[in-house]
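Please open the model in the viewer and keep the selection tool at hand. The tour moves from one helix to the whole chain and then to the internal cavities.

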Amino acid sequence: MADAPDPVGHTWRDALARLGDAVFGEAVVARSDWPEKIRRMADGTRYQFGFAPYQAEIYDEIANSANQVVVMCMASRLGKTEIVMNDIGWRIDQQPQRMIVAYPTEAQAQDWSKDNLQTQLIDPTPSLSDVLPNQKGARTTSNTILSKLFPGGKIDAVGLNVMGKLRKLKAPYCYADEIDAIQYSGEHEGDKLEVLFKRSDEWQNPIRILTSYPSRAGRSRIWSWLQRSDWRQWHVDCVHCAHHYVLHRDQIRWPNGQPHLAELICPSCASSITEKQWRQMVRRGSWEATQEFSGIRGYQANAMMWPHPTQDAFRSFFHQVAATVENATTSSNPRHSMQVLTNTFDAEPYDDPRESKPTSSALLRRRDDYRPLDVIPEPVQVITAGIDPNKDFIAITMAGWSWNSECYLLHYEELHGSILQSQVWRDLDDVLAQTWTHPTRGNMRVSCTCVDSNHKPDITRKWCAQRRGRRVIAIIGSNQLTTPFLGPPVKGAASVRRIGTHEGKDSIYQRLELLPDPEAETFPQGYIHFPKTERFGDAYFDGLLSEESELKQSNGEWRRWFWHPEGAARNEPLDTLVYASAAREILNPVFRGPAAPQDDDKPVSDTPPPTGEDSARQKRKAVVRRRRKPRLSFISS
C-alpha cells in the first residue's frame with residue numbers, strides 16, 4: 001500500500017520511524033538534513049538553507065565537539081536566532097537533552113519562548129508540536145512559558161537579570177542571545193556569561209553558543225569573544241575580475257545627496273556590480289578563517305550579506321543602504337545614529353571619537369560678526385525659543401535655523417523676578433513678541449517655543465495653554481537615558497511633551513565640536529554660530545559648557561549621561577538651547593536650500609509643453625512619485 005502523506009509531507013512510516021528512534025536511540029533524519037526535511041516555517045513553507053547559504057556551516061559547527069564555544073557576531077536580521085532554532089528543534093526531535101536559553105532580561109526570555117520557540121518553531125513543525133503542544137499561555141503541571149518539559153529533555157529560558165533562577169539549573173546546552181545587552185553590574189558573583197557556562201561544566205562535550213551584534217568599542221562582549229576565535233568571514237568573488245574579498249558598506253558609492261545613484265564598486269577592478277550580480281556573489285561565497293583556531297569558532301557577518309528583498313521604495317539594495325546612511329548623518333544626533341548603523345549593519349563595535357569639550361575662550365574667539373538685534377543672518381529661515389523658568393528668574397534663548405541645520409544664536413536673556421508674580425510673565429510675552437529684521441524676508445517672529453514645566457508646573461502649563469495658538473508648548477525633561485530627544489506626550493497631560501535631555505545635550509555638545517572648513521569657506525551641517533555681542537560672553541559660554549558626561553549602559557546601548565557638577569556655572573544657557581532645538585524638531589519646518597546656479601548657455605528645449613491627455617497623465621505620475629517618497633530603511637536612525 002502506498003504511503004499517504006499528511007498535509008505537511010509526513011507519512012505514517014515517518015511517525016513509526018520517529019517512535020523507533022525514541023526507543024532505540026537511532027537517528028531517523030541526518031542532522032544536516034533536518035532543517036530542510038522536517039522543520040516548517042510559520043507560514044507552512046519549508047526552511048531552506050538556499051535562502052541564506054551562510055547559515056548552513058554555522059548550524060553544522062554547533063554540533064562539532066571540537067568547539068568549546070560558537071560565537072556569532074552578526075548584523076541585525078541575518079538569522080542568528082534561526083540558526084539556533086534549527087539546532088534546538090533537531091535536539092527536541094532527534095536528540096533530547098536539557099537546554100538553557102539565556103537573554104539579558106526575563107521579559108526578553110519570555111518573548112523568545114512565546115514568539116520564537118513556540119510560534120516560529122514548535123507550532124508549525126508537526127514532529128515538535130506532538131511533544132510540546134501549544135497551551136496558549138496556560139500553565140500545565142509540566143510546562144510554563146519559561147520552562148518546557150518534553151520526553152528526554154527540557155528547555156529553560158532565563159533572564160540574566162534574575163541570577164537566582166540560573167543557579168538552580170544545569171544543562172549541557174547553553175545558548176545566550178544579545179549578550180551585548182547584558183547589563184554590567186557590581187555583583188560579586190562575576191561575569192554573568194561565566195556563571196551561565198558553569199551550569200554545563202559537568203558534561204564532557206557541552207554546547208555553548210553566544211550571539212549578538214556588537215556595541216561600543218572596548219565594552220562589547222561579543223567582539224571580545226570574536227577576537228579570541230578563528231574569526232571566520234564570508235568571502236566572495238567579483239563577477240568581473242574574480243577578486244576574492246569580503247563585502248563592506250564602504251564599497252557602496254554615490255554622489256553626495258543622491259543616494260538613488262548608489263553603486264557597488266569592486267575594490268580591485270573598480271567595476272560596478274549590479275544587485276543581481278551581488279546576490280549571486282553572496283550565494284556562492286564561503287566562510288574562511290582569518291585567525292588560528294584555538295577552540296572557539298567565531299563568525300562575523302555584516303548586512304552586505306542581506307538575504308531579504310529590497311524595499312519597494314528604493315531602486316536597489318544599494319540605494320536602500322545609501323539612504324540609510326544619509327538619514328543617519330542628517331539626524332538630530334548623528335553620532336548616536338552612526339553608532340546604530342555601525343553596530344547593526346556593519347557588525348562592528350562603534351569607536352566613539354574622543355570628545356574634548358571646547359573651552360569658553362575657544363568659543364568666544366570663534367564668534368561670528370553679525371548683530372542680530374539690527375539684522376539677522378540671511379540663511380535664517382525659522383526662529384524658535386527655549387525657556388527655562390526658575391524660582392526667581394526666567395532664562396530665554398532664541399535661535400535661528402537654516403536649511404543645513406545650522407543654528408544661529410540670536411539672543412540670550414534672563415528676566416529676574418518671582419514666577420509667582422504676573423509681571424515676569426508679561427515681560428516674557430514682550431520678549432517673545434518682538435520682531436527680527438531679515439535682509440530679504442522682512443520682519444520675522446518666533447515660530448515655536450518650548451517651555452520647561454518642571455518647576456511650578458501648574459503655573460507654567462496654564463500659561464502655555466493660553467498661548468497654544470502661537471505654538472507655545474510646555475515640555476518636561478526626562479532623566480531616563482532611553483528617552484528619545486522628542487519623547488511621547490506626558491501621561492495624563494497630552495499637551496505636555498516629554499524631552500530626552502541627555503540626548504539633546506549630547507547633540508549640542510557634538511555640534512560644538514564642529515569646525516568650519518577654512519579653504520571652502522563653508523560651515524558643516526549642524527554648526528552653531530554665536531554673534532559677537534555682549535550677551536554671548538564669558539559667562540554665557542561658562543554656562544553652556546557647565547555640564548560633564550560619561551557613558552552609561554541602558555537596554556544594551558551605551559549612551560552619554562550628563563550631570564551638573566557642584567560649584568559649576570549655572571546651566572541655563574545649555575538647557576534653553578536644548579529646548580530651542582526641541583522646538584525646531586517639533587515644528588519640523590520645510591527649508592529652502594541654496595538656489596542652484598543658473599546656466600545662461602543651457603539650450604532651451606524646443607519640445608512644446610504637454611497638453612490635454614498627456615498633461616493629465618504626467619500630473620498623475622507626479623502624484624505617484626510624491627506618494628512613493630523613500631522612507632527609512634531597515635536600520636532606524
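Which residues of H11 are buried? In this predicted model, select helix H11, residues 317–329. The buried residues of H11 are Phe 317, Phe 318, His 319, Gln 320, Val 321, Ala 322, Ala 323, Thr 324, Val 325, Glu 326 and Ala 328. Because 11 of the 13 residues of H11 are buried, the helix is largely enclosed by the rest of the structure.

With H11 still displayed, place a distance between its end C-alpha atoms: they lie 19 Å apart. At 1.5 Å a residue, a span of 18 Å is expected for the 13 residues, so the two values agree.

Next, show what covers the buried residues of H11. The cover includes strand E9 (252–253), strand E10 (263–265) and strand E11 (272–273), together with helix H10 (275–283) and helix H12.

Now zoom out to the full chain. The secondary structure comprises 19 helices and 25 strands. Of the 637 residues, 51% are buried. Among contacts with a separation of 6 or more, 69% join residues 24 or more positions apart. Displayed as a surface, the chain has an accessible area of about 31500 Å², and carbon and sulfur atoms account for 48% of that area.

The interior is the next stop. The structure contains 4 cavities of 30 Å³ or more, and the largest encloses about 120 Å³. To centre the view on the largest cavity, select Asn 333, Glu 503, Asp 506, Arg 559 and Arg 560, which are the closest to its centre of the 14 residues that line it. Then colour helix H12 (334–344), helix H16 (501–512) and strand E25 (557–563), each of which supplies at least two lining residues. H12 also belongs to the cover of H11. By residue class, the lining of this cavity consists of 8 charged, 4 polar and 2 nonpolar residues.

What is the volume of the second largest cavity? It is about 90 Å³. To display its lining, select Gln 233, Trp 234, Val 236, Val 246, Leu 247, His 248, Gln 300, Ala 301, Asn 302, Met 305, Asp 346 and Glu 348. Strand E7 (232–237) and strand E13 (296–301) each contribute at least two of the lining residues, and E7 provides the largest share, with 3 residues. Here the lining divides into 6 nonpolar, 4 polar and 2 charged residues.

Conventions
Residues numbered from 1 in each chain as written. Predicted model: local features only at pLDDT ≥ 70, side-chain atom pairs only at ≥ 80, totals over all residues. Heavy atoms only, no water. 1 Å grid on protein atoms, 1.4 Å probe; cavity = no way out; pocket = protein on both sides within 12 Å on 5 of 7 lines; lining within 4 Å. Points joined across faces, edges and corners; volume = space filled by probe spheres on them. Helix = DSSP H or I, 4+ residues; strand = E, 2+ residues; numbered from the N terminus. Nonpolar A, V, L, I, M, F, W, Y, C, P; charged D, E, K, R; others polar. Buried < 20%, exposed > 50% of the residue type's maximum accessible area, 1.4 Å probe, protein only. Contact = heavy atoms within 4.5 Å. Areas by Shrake-Rupley, 256 points an atom, 1.4 Å probe, with all protein chains shown as cover. Expected span 1.5 Å × (residues − 1).
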